[in-house]
Amino acid sequence: MGVAGGMWGFDRRALLAALAGLASSPGVSAQTLARGAAPRVRLPLIVLDPGHGGGDPGAIGASGTQEKRITLPLALELKRILEAGGQCRVAMTRTSDVFVPLARRVDLARQREAALLLSIHADASPTGHAASLRGASVYTVSETATDPLAAALARRENLADRAGGMRLPSVSPEVQRILLSLMRQETRAGSERLARLTVNALDGEVGLLNQPLRRAQFVVLKAPDVPAALVECGFLSNPQDEALLRRPEYRAKLARALAEAVTGFIGRRSLAALEGPGISG
Ligand SMILES: [Zn+2]
């Protein structure tokens with residue numbers, strides 16, 4: 001168990017005792033207590049990231065479809081389904097055709113302590129590859145030998161604060177490094193689980209690329225403390241995929257599968273966070 005999971009597992013009995021003591025306050029979340037903030041109702045926050053936008057059209061389809069015009073309606077449909085389910089809150093990195101830098105998308109998820117970030121894209125096969133390449137795939141970030149983001153984090157931030165928000169009285173820099181490392185392991189494990197759930201949910205609903213679970217260096221997936229996955233919903237460079245992705249019914253099908261993956265992910269997380277009598281949400 002790492003630190004993010006440890007936040008939930010972290011002295012859970014004491015946490016539940018505190019929750020019991022605060023039973024008169026409506027909807028205290030374990031996360032809020034663990035972070036020492038004011039008690040209030042907090043459903044897990046899902047950040048949806050429709051790829052590209054504004055001056056960045058993303059991939060261009062065989063018939064000229066712009067990726068940014070596929071990712072936004074798909075993400076909005078997913079938002080609608082998730083909010084109707086009532087198990088989470090949803091934030092979007094963009095809700096209109098605007099350019100949002102990748103770093104700002106990551107920052108949004110981090111600042112708002114998102115339970116996960118799901119980035120939504122549609123692929124195009126690289127020049128020289130066959131236009132026959134088609135199907136959806138899901139990416140997590142690949143491991144790197146050097147970790148500039150963690151290094152920058154270590155320089156700039158209060159590591160104890162970043163270590164899952166646990167209040168640790170004056171721990172040494174060594175302990176802080178260990179906690180950060182544990183947090184990253186936990187985040188990576190969460191990302192892998194999210195990606196597997198996503199592939200499983202898409203499988204049988206839509207066509208998948210060979211070996212649909214993949215890894216790559218996506219900036220938008222690099223938050224050290226937010227599990228993240230990137231879905232390539234199909235290949236715009238493939239005429240059949242492009243035609244499908246243009247259809248609202250097909251995008252709704254994709255959105256339903258992605259919603260299933262997201263609720264599967266937060267379902268287990270919520271259970272771990274909130275097990276105990278009379279506590280929900
Ligand atoms: Zn893209």
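These are legends for four close-up views of a predicted model. Numbering starts from 1 along each chain as its sequence is written. Because the model is predicted, local features need pLDDT of at least 70 and side-chain atom pairs count only at pLDDT 80 or more, while totals for chains, interfaces and linings use all residues.

**View 1. The open sheet and its six strands.** Helices (H or I, at least four residues) and strands (E, at least two) are DSSP runs, numbered from the N terminus. The strands line up as 2-1-3-6-4-5, with mixed pairing; two strands pair if DSSP finds at least two bridges between them. Strand 2 and strand 5 (208-216) sit at the edges, each pairing on one side only. From one strand to the next, the twist averages 20°. Strand 1 and strand 3 run parallel, joined by five bridges, and Ile46 has Leu116 in strand 3 as its bridge partner.

**View 2. Helix 4 and helix 9 on the sheet.** Helix 4 (residues 68-85) touches strand 1, strand 2, strand 3 and strand 6 (228-235), and its direction makes about 160° with that of strand 1. Helix 9 (residues 239-246) touches strand 3 and strand 6, its direction making about 115° with that of strand 6. For these angles, axes are lines fitted to C-alpha atoms, for helices over the stretch in contact, and values run from 0 to 180 degrees between N-to-C directions.

**View 3. The two sides of helix 5 (residues 102-111).** Arg105, Val106, Leu108 and Ala109 are buried (20 or more other C-beta atoms within 10 Å of the residue's own, against 12 or fewer for exposed and partly exposed in between, with C-beta atoms placed from the backbone). They share the same side of helix 5 because they cover an arc of only 155° around the axis, taken from the directions from the helix axis to the C-beta atoms. These buried residues pack against strand 1 (45-50), strand 2 (89-92) and strand 3 (116-123). Over on the other side, Ala103, Arg104 and Gln111 are exposed. Glu113 follows the helix, with a positive phi near 55°.

**View 4. Ile46 in the largest nonpolar core.** A nonpolar core is a set of buried Ala, Val, Leu, Ile, Met, Phe, Trp, Tyr and Cys residues joined through C-beta atoms within 7 Å. This one has 54 residues, and Ile46, Leu116, Leu118 and Leu258 have the most contacts inside it. Helix 10 (248-274) is among the elements giving two or more residues, and its nine are the largest share. Leaving aside neighbours within four places in sequence, Ile46 is in contact with residues including Leu82, Val90, Leu116, Leu118 and Val262 (contact being C-beta atoms, placed from the backbone, within 7 Å).

Terms used. Contact = placed C-beta atoms within 7 Å.
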